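Trainee: I have a structure to learn from. Please take me through the terms and the values behind them.

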Amino acid sequence: MKILKLFIIVILFMGFSHSKSDEKNIELKNKILKNIRCLVCQGQSVYDSESEFASSIKLIVDRKINENLREEQIYEFLREKYGDWIIYDPQLNKNTYILWLLPLLLFLFGGVIIFKKLNNQK
Amino acid sequence: MKNKFNLLILITFLCFCFIIFYKGLNNSSTYSPKISNKKNIPIFEAKDFNSDIYFKSVNIFEEDIFYIVNIWASWCVPCRAEHPLLMELSKNQSIKLIGLNYKDSLNNAKNFINKFGNPYSQILIDSDGTLSVEFGAYGVPETFLVNKNKQIIKKFVGPIDKKAIEEIKLIIK
């Protein structure tokens, strides 16, 4: 009887941990799919899109997660196939320097103007 | 002096905005991935169209020649338009055509081949579209030119035309 109880507890625990990891994988999959641009219907993410391309990408992402690839490795795979454009969150590289640095430069420039104005008022 | 400086900044800023918008207007709003570097063909295993045998990519691209990988489907209207050109290209001895049948019904695809002819030395089945993703395709039809080093050197999005055929012939010469 004791062995049976122990067996049931182990089974329940295994089931619980399995569903927990499934939940984690689904969460990761949704996060990745929301960050991938659908190349067919270009205003939408793959997560939102119902296109043939999006459905294939969903399968690929699912497969890569099951192969235990990390999030960044999946993005790298897609970047290699389709270029930086497919990821909504662009990387910092020679093509995106302006994109990343311009807001910062404008912020600093505005700061300097405000600082100078305040100093002049004094 | 100060006013002149402010005016100069304003003009520079407006010029900058103008250049950005002008460039933006000239750019196409639809993105199409380009092949900037030679990419190795993906390593895969796919089911043959005429048998239930699975083939590995190394066995498919084993000869020391150029290959064309053409993604097609019987339901794809532009595929019909490019088919006669593929038939013409298949007569060339220095190139082999590999067809990827994309998300298609096997019966319809066989009817298509019987009706319009078979330009392919081998047809592979891509029932869920994942094999096309491995090649970097996002639609149908798409055509890839693979060189003797098994690298993808050219990609044609959409149906290939006579100009594309001439370009392919020039490369494989």
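Trainee: How many helices and strands are there in chain B?

Mentor: Chain B has six helices and eight strands. Helices (H or I, at least four residues) and strands (E, at least two) are DSSP runs, numbered from the N terminus. From the N terminus on, the order is α-β-β-β-α-β-α-β-α-β-α-β-β-α. Chain A has four helices and zero strands, in the pattern α-α-α-α.

Trainee: What should I know about the model itself?

Mentor: It is a predicted model: local features need pLDDT of at least 70, side-chain atom pairs count only at pLDDT 80 or more, and totals for chains, interfaces and linings use all residues. Residues are numbered from 1 along each chain as its sequence is written, while chains are lettered from A and ligands numbered from 1 in the order in which they are written.

Trainee: How do you know what a compact globule of 122 residues would have as its radius of gyration?

Mentor: There is a rule for that. The radius is taken over C-alpha atoms, and the globule rule is 2.2 Å times the number of residues to the power 0.38. For 122 residues this gives a value near 14 Å, but chain A has 24 Å. The C-alpha trace of chain A spans about 85 × 40 × 25 Å along its principal axes. For chain B, a compact globule of 173 residues would have a radius near 16 Å, but the chain has 22 Å. The C-alpha trace of chain B spans about 80 × 35 × 30 Å along its principal axes.

Trainee: Which domains does the assignment give in chain A?

Mentor: Domain 1 is 2-91 and domain 2 is 92-122. Such bounds come from an automatic or database domain assignment. In chain A the C-alpha centres of the two domains lie 38 Å apart. Chain B has domain 1 (1-30) and domain 2 (39-172), with C-alpha centres 46 Å apart.

Trainee: Why is Asn68(A) called buried or exposed?

Mentor: Count the C-beta atoms, placed from the backbone. A residue is buried if 20 or more others lie within 10 Å of its own, exposed if 12 or fewer, and partly exposed in between. Asn68(A) has 7 within 10 Å, so it is exposed. Asn68(A) lies in the loop between helix H2 (52-66) and helix H3 (71-82) of chain A.

Trainee: And what makes Lys150(B) partly exposed?

Mentor: Lys150(B) has 15 other C-beta atoms within 10 Å, so it is partly exposed. Its neighbour in the numbering is Gln151(B), in strand E8 of chain B. Gln151(B) has 14, so it is partly exposed too. Over whole chains, 14% of the 122 residues in chain A are buried, and 30% of the 173 residues in chain B.

Trainee: What is the phi of Asn68(A)?

Mentor: Asn68(A) has a positive phi of about 65 degrees, although it is not a glycine. Lys150(B) has a positive phi of about 60 degrees and is not a glycine either. Most residues other than glycine have a negative phi, and most peptide bonds are trans. A cis bond joins Val140(B) and Pro141(B), with omega about 0 degrees.

Trainee: How do you know which residues Val69(B) is in contact with?

Mentor: Two residues are in contact if their C-beta atoms, placed from the backbone, lie within 7 Å. Leaving aside neighbours within four places in sequence, the partners of Val69(B) include Ile98(B), Phe135(B) and Val146(B). Between the chains, 12 residues of chain B are in contact with 14 residues of chain A.

Trainee: What makes a set of residues a nonpolar core?

Mentor: The members are buried Ala, Val, Leu, Ile, Met, Phe, Trp, Tyr and Cys residues, joined through C-beta atoms within 7 Å. The largest such core has 45 residues. Among those that touch the most other members are Ile57(A), Ile68(B) and Val69(B).

Trainee: Where is the kink in H3(B)?

Mentor: The kink is at His83(B), shortly before the proline Pro84(B), and is about 40 degrees. The bend is the angle between axes fitted to the seven residues ending at a residue and the seven starting there. His83(B) is also one of the buried residues of H3(B).
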